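Visitor: Please take me on a close look at one part, the sheet. I'd like the strand pairing, the turns and whatever sits beside them.

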Amino acid sequence: LLDREVDEVLYDEGGGACGVRCGDEKAMARCVIGDPSYFPSKVKTMHHVVRVIAIMKHALHGTDDKSSCQVIVPASQLDREHDVYVVSVNGEHE
């Protein structure tokens, strides 16, 4: 059933996922792992993740023009629940 559209996720009596149906075929398993979009009735959105790519002509300020670096901004400094991670990589890493 690889590389096929999943028509339905199958659940056991306890409400746990136990397999998938693709057309007339079924595949059963002890453990089903999938993207949350396959289980809309079983998931609840708690947070959102934002990913951004910025192409710049210069290194990050205060990094001494290093070829790569990671900057972690603590959540407490931003009045947020989670830290913010910034990664900078230049063309040397192609």
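Guide: Let's start with a side chain: lysine 42 lies over the face of tyrosine 11, 5.0 Å from the ring centre. (A charge counts as over a ring when NZ of Lys or CZ of Arg is within 6 Å of the ring centre and within 35 degrees of the ring normal.) Keep in mind that this is a predicted model, where local features need pLDDT of at least 70 and side-chain atom pairs count only at pLDDT 80 or more, while totals for chains, interfaces and linings use all residues. Numbering starts from 1 along each chain as its sequence is written, and side-chain values rest on heavy atoms, with hydrogens and water left out.

Now to the sheet. It's an open one, built from three strands in the order β1-β2-β3, with antiparallel pairing. (Strands are DSSP runs of E, at least two residues long, numbered from the N terminus; two of them pair if DSSP finds at least two bridges between them.) At the edges stand β1, residues 8–11, and β3, residues 25–28; each has a single partner strand, so one side of each is left without a neighbour in the sheet. On average, neighbouring strands are turned by 25° against each other, direction ignored. (The axes are lines fitted to C-alpha atoms, and angles run from 0 to 180 degrees between N-to-C directions.)

Walk along the chain and you go from β1 into β2 by a hairpin with five residues between the strands. Glycine 15, in that hairpin, takes a positive phi near 90°. Antiparallel β1 and β2 are joined by four bridges, and valine 9 has valine 20 in β2 as its bridge partner.

Valine 20 is a good place to pause, since β2 spans residues 17–22 and this residue is also bridged on the β3 side, where its partner is alanine 27. So you can trace a line across the sheet, from valine 9 to valine 20 and on from valine 20 to alanine 27.

The second pairing, β2 with β3, is again antiparallel and has four bridges. Here the hairpin has two residues between the strands. One glycine in this turn, glycine 23, has a positive phi of about 65°. Beside the turn, cysteine 22 stands opposite glutamate 25 in β3.
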